[in-house]
Structures are given as structure tokens and as C-alpha cells.
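Good morning, colleagues. Please look at the model on the screen while I go through its main contacts.

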Amino acid sequence: MNDPTVTRQTFDEVMVPLFSPAAFVPDRGAGSRIWDTQGREYIDFAGGIAVTALGHAHPELLKVLHEQGSKLWHIGNGYTNEPVLRLAKRLEDLTFADRAFFANSGAEANEAALKLARRVAFERHGADKVEIVSFAQSFHGRTFFTVSVGGQPKYSEGFGPVPAGIVHLPYNDLDAARKTIGTKTCAVIVEPIQGEGGVIPADPAFLRGLRELCDQHGALLIFDEVQTGVGRTGYFYAYQDTDVTPDILTTAKALGNGFPIGAMLTTNELAAHFKVGVHGTTYGGNPLGAAIAEKVVELISDPDLLEGVRLRGDAIKAKLAQLNKRFGIFSEVRGKGLLIGAELTDAYKGRAKDFLTACATHGAMLLIAGPDVLRFAPSLVMPLDDLNEGFERIGKAIEEVVGATAEAPSR
Ligand SMILES: *Cc1c(COP(=O)(O)O)cnc(C)c1O
């Protein structure tokens, strides 16, 4: 702790400057609390971007990490292992899926899903059915294929020609989908709630419409549940609270509670189009990650835990409503379970980062989703005392930003 040879300043000297991390350096965590290298304490509503769903240093996960860590970390896909087989069975028992492919991240899970969809269309219908339909503001990862499918052009511009056969439509616009989805469409990929894009839930009728259009035109429906999955919305997967079942589901983030692991889940029929050697990975499905994920899935699939997610989500929405009564800074609070977005009013547009920084100063960590939305994605088992104390800190931070704005000469 507090190693004088490396500080936040060191980041600017030794790291590829792709990120702009906070001024403090986290050192240690327990549950929903984090301590930085100076010993300052924070209450964590960010959850490492919707990842640490069971909080930091969870005792049962530590036990698995130590036990599996002293047995076998990695063996390669020339062999299988017991943890990965148990994990696949667990995920398949909980979902529509019969088959799993494991990767190391959300992007890789989506890469596999998109490649599978292209392969299925190729084998069933020939070389022309390649079109992938995606939605504006969506986020599917940063590999070149997934970032091109994602709906934020600024992330895929300036890297040369993007893969062909990708179409972007407005989200929640069924008419646009009806006009576009057709015989050339091989897949539609959609987030049940757009996470990075601003915490925007899909209309149930929109998802139903996409399902019908896919069925009509022999296209596959892919749900990207990398952010909404593993209990985040109060359901193990968000699709389970809709009347729509996808053909392929991708999951990552909370799946390993911070240990990198992702998965693509699908049916027997579709999985049969991926034959030996058609796709692969070195680390995916390693016994260490799989053992941890197996325990995560066991703990989070508990109905009482999922009920607790809905209760905590309601508690956070109530806190945000109280703050809004005092300060009038939110135009809308939306989301489900513990994926919540609070959109700033016109007077505070573009200033989400200012609120984030002020919260850190007052000892609370949260997220933004674009320049106008504060995002909350804490541990699914966050103690209510932490939640309440965290909101006292957030209240002080908001008071400070609002006060400073009122005093500042108008721009
Ligand atoms: C975070 C995220 C991804 C990318 O996951 P990585 O692990 O960063 O590759 C993909 N899709 C959605 C919906 C996400 O939220």
C-alpha cells in the first residue's frame, strides 16, 4: 500500500493513453467498500462496470479461487476439465440453451455469436445472407467486428475498411426494423437494455417484433446480455422477464465477478454449425475461470438473491427520486434491478463526469453512460447500510455541483 514508486501520475508516463482514470488509485476492496492507496474509503456503486456482482473479496469466491488455484489453472482446449463442464450444465439448466462456448470477455462472446450466425446462414442459405442488423447507440465490444456492429460510429472510424454487411437502425423503432429485416438478414443483435448507450430499456413490443421478423426471414436473434445478465436486472438473464427467447445469448461481465470470462449460449441445432476447428480460443474455458464462474452462477441464481436485487433497485430509485425533489437535476430515472440510469436535465447536459468526480471526492464511486447519464451498477448483495450511507455522500456531492453551478457566471 502507498508504494511511492508508482502513483496516478505514473499512468500518464507508462500506459497507452486510452483511458483517463480517476485521480485516486484503488488498492483494496471488501463487499461494497473500496480503499485507495492513501487509505481513503469509497462506497462502490460502479461494481467495476457491472462486473463485481457479489462485491469485492467475497469469501466463497476466494475459497474457490484458492482451491482451484492450487489445483489447475489452465490446460488448453486439447483437454476438457470438470469445472467448465459443470458451469456449462448450470447455465444450460437456467436458460433456453443446450450448448455453451466459453471466451474471456464480452467482445469475444459476441465475436463468436456473430461468426456463428454468419456460418449458420452460409450453410443453410448460401453466401448472400450476411446482413447483420444492429441498433444505434448499441455497444457490443471493441474487437474490430464487434465494434463495427456496435452503434457508435466514433469507435470504429479511422481503422480502415469496416467489415461489410452491417446495418444500423434506430433502437425501439419497429417500423424501421420491418422495412429493413428481410431475406438477406442473417442476424439481429440487441441489448435488452442498452447499457453503455445510456441505460435505455427495450420496449417489450420491440423485442417481440424482432423475434417475429427473425422467424419470418430465417434470421437469428442474438441477445447481448453481457451487461444485463447474471442477475443484474433481478432475473438471471433479462430475457427471462420478456416473452421473447433469443437463438443466441452472450454473457460476460458479472459471470466471473472480475475474473475474465465470457460465454456464448445457444441451441443444439445452431451449435452443430460450429465444427471442430471452425472457431477457437487459447484461454476460454480454463478451469480457474470456470470454477469461479460456477460459484458465481450458483450464488446469483438463488431466487432470494434475485428478489434482493429488485428490492435494492427500488431503494436506489427511491433515493434518486428524493434527490431529484431537492435538486431537480434529473429528467428521467430508468432501468431495471441494479442497472439504473439517471438522465440529467438540459441545465446539466454534458456534465455527468462532473458529478462522478464530485462523488469520488465525497467517497462514492459511480458510473456514467455517455455525457448526460449517471449510471448505477453496484453489487447485487450491497448491504443496505452501505446503500444509505453511499446516498448521503452522493447527496453532498450533488449539492456541491449544483451550488457551484448556481454561483458560476452563466456561460
Ligand atoms: C461491456 C459490454 C461488452 C464488451 O465486453 P468486454 O468484456 O469489455 O469485451 C459487450 N456488450 C455489452 C452490452 C457490454 O456492456
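Across the interface of domain 1 and domain 2, 12 residue pairs are in polar contact, with both partners at pLDDT 80 or more. The model is a predicted one, and the pLDDT threshold belongs to that. On the side of domain 1 that touches domain 2, at least two residues each come from helix 2 (47-50), helix 11 (303-327), strand 13 (330-336), strand 14 (339-344) and strand 17 (373-376). Helix 11 gives the most to that side, with 4 residues.

The same interface holds 2 salt bridges. A salt bridge also joins Glu196 and Arg375, whose closest N and O atoms are 3.0 Å apart.

As for the domains themselves, domain 1 is made of two segments, 8-58 and 303-407, while domain 2 covers 72-300. To their contact, domain 1 contributes 27 residues and domain 2 contributes 24 residues. Together the two domains bury about 2,100 Å², and 61% of that area is on carbon and sulfur atoms. The centres of domain 1 and domain 2, taken over C-alpha atoms, are separated by 27 Å.

Let me turn to helix 11. Its 25 residues should span 36 Å at 1.5 Å a residue, and the end C-alpha atoms are indeed 36 Å apart, so expectation and model agree. At the start of helix 11, a side-chain oxygen of Asp302 comes to within 2.9 Å of the backbone nitrogen of Asp304. After the helix comes Gly328, with a positive phi near 55°. The buried residues of helix 11 include Leu305, Leu306, Val309, Ile316, Leu320, Leu323 and Phe327, and also Arg312. What do the buried residues of helix 11 pack against? They pack against helix 10 (287-300), strand 13, strand 14, strand 17 and helix 13 (384-407).

Helix 13 deserves the next word. For its 24 residues, 1.5 Å a residue gives an expected span of 34 Å; the end C-alpha atoms are 35 Å apart, which agrees. Among the buried residues of helix 13 are Leu387, Phe391, Ile394, Ile398, Val401 and Val402, together with Asp386 and Arg393. Asp386 and Arg393 also belong to a network of salt bridges, in which they are linked with Arg33, Glu41 and Glu389.

Helix 13 and helix 11 are also joined by a salt bridge between Glu399 and Arg326, at 3.5 Å from N to O. This pair links distant parts of the chain, since Glu399 is in helix 13 and Arg326 is in helix 11, 73 residues apart. Arg326 is exposed, with a relative accessible area of 54%, and Glu399 is partly exposed at 43%.

A search of the whole structure finds 28 salt bridges, and two further ones are worth showing. Asp354 and Arg351 meet at 2.8 Å, N to O. Here Arg351 is buried at 17% relative accessible area, whereas Asp354 counts as partly exposed at 35%.

The other pair is Asp215 and Arg211, again with 2.8 Å from N to O. Why are Asp215 and Arg211 separated by about one helical turn? They are 4 residues apart in helix 8, and the separation of about one turn follows from that. Is Asp215 buried or exposed? Asp215 is exposed, because its relative accessible area is 51% and the cut-off for exposed is over 50%. Arg211 has a relative accessible area of 14% and is buried.

Helix 8 runs over residues 204-217, and its end C-alpha atoms are 20 Å apart, in agreement with the 20 Å that its 14 residues should span at 1.5 Å a residue. Besides Arg211, its buried residues include Phe206, Leu207, Leu210, Leu213 and Cys214. The elements covering them include strand 5 (131-135), helix 7 (174-180), strand 7 (185-190) and strand 10 (220-224). Gly218 follows helix 8, and its phi is positive, near 60°.

Two residues in those strands complete the picture. Thr185 lies in strand 7 and is buried, at 0% relative accessible area. Its side chain reaches the backbone nitrogen of Gly182 at 2.9 Å. Beyond four places in sequence, Thr185 touches residues that include Lys129, Glu131, His217 and Gly218.

Phe223 lies in strand 10 and is likewise buried, with a relative accessible area of 0%. Phe223 and Val190 are 33 residues apart in sequence, yet their C-alpha atoms are 5.2 Å apart in space. Among the other contacts of Phe223 beyond four places in sequence are Leu207, Tyr239, Pro246 and Leu249.

Conventions
Residues are numbered from 1 along each chain as its sequence is written. This is a predicted model: local features need pLDDT of at least 70, side-chain atom pairs count only at pLDDT 80 or more; totals for chains, interfaces and linings use all residues. Side-chain values use heavy atoms; hydrogens and water are left out. The expected span of a helix is 1.5 Å times one less than its number of residues. Buried means under 20% relative accessible area, exposed over 50%, partly exposed in between (1.4 Å probe, protein chains only). Contact means heavy atoms within 4.5 Å. Domain bounds come from an automatic or database domain assignment. Buried area is the accessible area (1.4 Å probe) that two parts lose on being put together, summed over both. A salt bridge is a side-chain nitrogen of Lys or Arg within 4 Å of a carboxyl oxygen of Asp or Glu. A polar contact is a pair of N or O atoms within 3.5 Å; within protein, one must be able to donate a hydrogen and the other to accept it, and residues adjacent in sequence count only if both atoms are side-chain atoms.
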